[in-house]
Every structure is written in structure tokens, then in C-alpha cells.
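Work through the exercises below with the model open. Try each task before reading its solution.

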Amino acid sequence: MKEENVLHVEICQRVDSTWSRETIEETVSTEFKTWKEVSLDIILHGKDFLNNIAIQNHVESIICSSNYIEKGKVKIEGATIKYYIYRLTQEGAATETMNSNSDELSVASHWLLPAQEFHYMWENLYYDCDIKNNLLHFVETTMLFSSLAVNSNIISWNKVVLLHGPPGTGKTSMCKALAQKAVIRMIDRFTHGKFIEINSHSLFSKWFSESGKLVMKLFDEIKSLVQDESALVCILIDEVESLAHARKSCNNGTEPSDSIRVVNALLTQLDQIKRYPNVLILTTSNMTEAIDLAFIDRADIKQYLGYPSEVAIYNIYHSCLKELMRTEILKREEICDISQLKLFGYTEDSNTKNSLKLLELSRVSEGLTGRTLRKIPFLTHALHLSTDKSTLSKFLKAMHSAILKVQQEG
Ligand code: ADP
């Protein structure tokens, strides 16, 4: 069965634009109607609309996505186009600090969404299958059920997402990207979002006797944020196993029993806060084996994020090389994206030579995490190249040596 052809068009309005959202939508949709098709995930900047000064002056970027792709493109004719218009907040994270004894502890960081810092994060995460779309649909369904007050005694759903897998596989980035994407896609329902990253390490380090109070204080503040129903409040607990650890050490009798009280306090607070219709809880864990925490059992979606596949690696490297060309560290040259390479049947000619070499490097790089892969271009430059602008083929050769070096160092 063919899916409905929906094209999601996310329009980021420039901070200095004085236009209303309606005017932006009207102008962009008029322009779009003159187009036949659009490439996916393509990030169009104001400068891409060379003959439309108005768009250049008012639009920062446009991101398109759809499930209905033919040969890497989406036909505009016949598609249901949904527009989402938003502005990015420019401020970085605010740190919530609390006093414990005479020390100042940073217990959480807080962003207003959509944030400049999280822009393009979603587009730059590459996974196989439909991991990203599934997560987004999950969040959208959660929010729909909450806003329509579906009775949770009849249909049970939670608002907890757990991403687990080895370190460096994009879990924290995915939580941030997912929150940002959800706020943009639900911009009609929520005017903005709040993202709170709880620093469980500082809550649970050596402050057990004080931690209970800190948890209560922190959640008092979160509760006041949640009162604003026009905001989607996303709470991130990174490395949730630190809670499990606190409990386990308590059972071993090596920690004061305060620790179990603190973890329980946190779980109770999370349970309470979850009842608000505008709250979403995102958790990550580096432990790949089953994590038996009362809290984790309640996660509706437990998604494993692992080592990138050859195709995902190609996409990561491709994005890095494009960035090096944009910043003119590399000479600008054509490099195919993976769908173009497929269209060319992976046959070698002058157009595909470098791209096929990159595919070979992607194969060699299997087993490395996303975090390491994103460092390879930097290491390549630092270890093997001079300050002169390099050609792509020279850079790819040097990249191979950098990959081997990283693999040898384990
Ligand atoms: P984790 O929380 O799993 O330790 P992070 O979210 O901190 O991982 O990711 C570390 C870096 O690696 C980030 O810059 C992220 O963009 C990059 N990264 C990890 N996995 C991927 C992936 N699948 N695609 C693109 N980038 C990735």
C-alpha cells in the first residue's frame, strides 16, 4: 500500500524578519507551486531563492521531508504540503544551580526551543530503517493522546522514551534533536518548547544527604515551567543507569540508605510530572543489556542506537566533506549522495570516482561510533595535510590513513 504523499516543509524565519507567519507561508507556498519536485532533507537557504528577494530577506532555511520518495525526490504536484513556520531562539543554555552546604551545584541546563544550538541536529543524524520517523511519530501520538485526554486507564501509554546503546552513538544528540523537531512539528499546538537536561551526576555524586532536597527543589521549578501549557516541556535524564547504580550500591550496603530515598524521590517526581499533558521524558543509557529499573519498565519506546552501517557512515562522511567545502578548507568538487550513487549503479566514471572511494572508506570504517567518525575529517587534516586547500582525492587518501590510525589505537 502506498503511503499518503505528505510533504513537511519547515520554514525557519529570520530573527530580524518582521513578517507574520501567514505572509511567510503564503510567499513560500506561491514559490513552491512553481516547482515540480524537491530533494529530500534538502536544506534550502534564502540564497537558494535567487529570484525571490522577499524570501531571501525573511527566511533563514527551509527543510523538506516526506516518506513518499521516488528516486530521491518528492513530487510537489499531488502532495499535501504542510508548512511549519518558526524562529530560533539565539540564547544558549541557562544553568540551574542550587546551593548544597556551601557549594554551588549545577543540577540542570535549560534551553528554549527551537534553539539555534539544536538547528540541523536532526538532519545530521543518520540511522538505517525508520528510527527517526518512528521516534517522531511516537512523540506526536503521545502528545495527541494527552491533548485529547485519552483515559489512561483504558489505553495505557507513557511519556517516556529510552534510547540505549554504546557511548558515542548519538543518543543525547537524538534526544535534543527529537525535542526540537517535535516543537517545530507541533508549532500550532505549542508556541515554544523547554528542554531541561538533568545533571544526574551532580544530583547523585556525594551529596546524598542533600540530594533529596535538591530533587524536590528542582522539580518544584520544573512544575512551575509545566504550568505554561503553551510550552512543550522535555526533560532529559542522560545516562539513566546512574540511578540504577545508586540503588545497587545501596543494596550492597556500601552507600547510606539516603541514596535509595533520593532515587525513589526522583522516580516519584517523574511519575507526577508525567501526568501533565505537555511533558515528555527522554532518557539515555549506555548499557546495552537489560536495565531493570522500575522507571525503565515504564518506557514505551526503547530504541537501540548502535554503530552506524556502511550507508549511515557514507552519509556522515558526506556531510563532513560538504562542510569542509562550504568553509573552503577543501576545494569545491562534486560528490554524490548515496541515492545518486545508487542511481548511477555504483559504476565508476569521472563523476563517481571519488564517491566510490568514499564508499570504500565507509566500509573500512564499520565498527566506529558516530562520534569517532565525525572526528576523522579533523584528524585527517591535522595529521596529514598542510594548510593549502586540498583536492578531494588527496583528502580521501589521507582520510584512509587517519581511519587506520584510529582503528589501531582502538
Ligand atoms: P551518546 O549520547 O550516544 O554518547 P552523542 O549524542 O553525544 O552520543 O554523540 C556524539 C557525537 O557523535 C555527536 O556529534 C553526534 O552528532 C555524532 N553521532 C553519533 N552517532 C551519529 C549518527 N548515527 N549519525 C550522525 N552523527 C552521529
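**Exercise 1: Backbone outliers**

At 22% relative accessibility, Tyr 120 counts as partly exposed, because buried means under 20% relative accessible area, exposed over 50%, and partly exposed in between (1.4 Å probe, protein chains only). This is a predicted model: local features need pLDDT of at least 70, side-chain atom pairs count only at pLDDT 80 or more, and totals for chains, interfaces and linings use all residues. Residues are numbered from 1 along each chain as its sequence is written, and side-chain values use heavy atoms, with hydrogens and water left out.

Task: Find what is unusual in the phi of Tyr 120, then inspect Tyr 346 and Pro 114.

Solution.
- Step 1. Locate Tyr 120: the loop between β8 and α3. Helices (H or I, at least four residues) and strands (E, at least two) are DSSP runs, numbered from the N terminus.
- Step 2. Read its phi. Tyr 120 has a positive value of about 65 degrees, although it is not a glycine.
- Step 3. Go to Tyr 346, in the loop between α11 (338–343) and α12 (353–364). Its phi is also positive, near 55 degrees. Tyr 346 counts as partly exposed, at 40% relative accessibility.
- Step 4. Return to the loop between β8 (103–113) and α3 (131–147), where Pro 114 lies. The peptide bond from Leu 113 to Pro 114 is cis, with omega near -5 degrees.

**Exercise 2: Helix α12**

Task: Compare the span of α12 with the expected one, and state what its buried residues pack against.

Solution.
- Step 1. Take the 12 residues of α12. The expected span is 1.5 Å times one less than the number of residues.
- Step 2. Compare. α12 reaches 17 Å from its first C-alpha to its last, close to the expected 16 Å.
- Step 3. List buried residues. Among them are Leu 356, Leu 358, Leu 359 and Leu 361.
- Step 4. Find their partners. The buried residues of α12 pack against α10, α11 and α14 (392–409), where contact means heavy atoms within 4.5 Å.

**Exercise 3: Ser 319 and the ligand**

Task: Which residues does Ser 319 contact beyond its neighbours within four places in sequence? Which polar atoms does the ligand meet at Gly 168 and Arg 374?

Solution.
- Step 1. Find Ser 319 in helix α10 (residues 310–326). Ser 319 counts as buried, at 14% relative accessibility.
- Step 2. List its contacts: Asn 124, Tyr 126 and Arg 374.
- Step 3. Turn to the ligand. An oxygen atom of the ligand is 2.8 Å from a polar backbone atom of Gly 168. A nitrogen atom of the ligand lies 3.2 Å from a polar side-chain atom of Arg 374.

Methods: A polar contact is a pair of N or O atoms within 3.5 Å; within protein, one must be able to donate a hydrogen and the other to accept it, and residues adjacent in sequence count only if both atoms are side-chain atoms.
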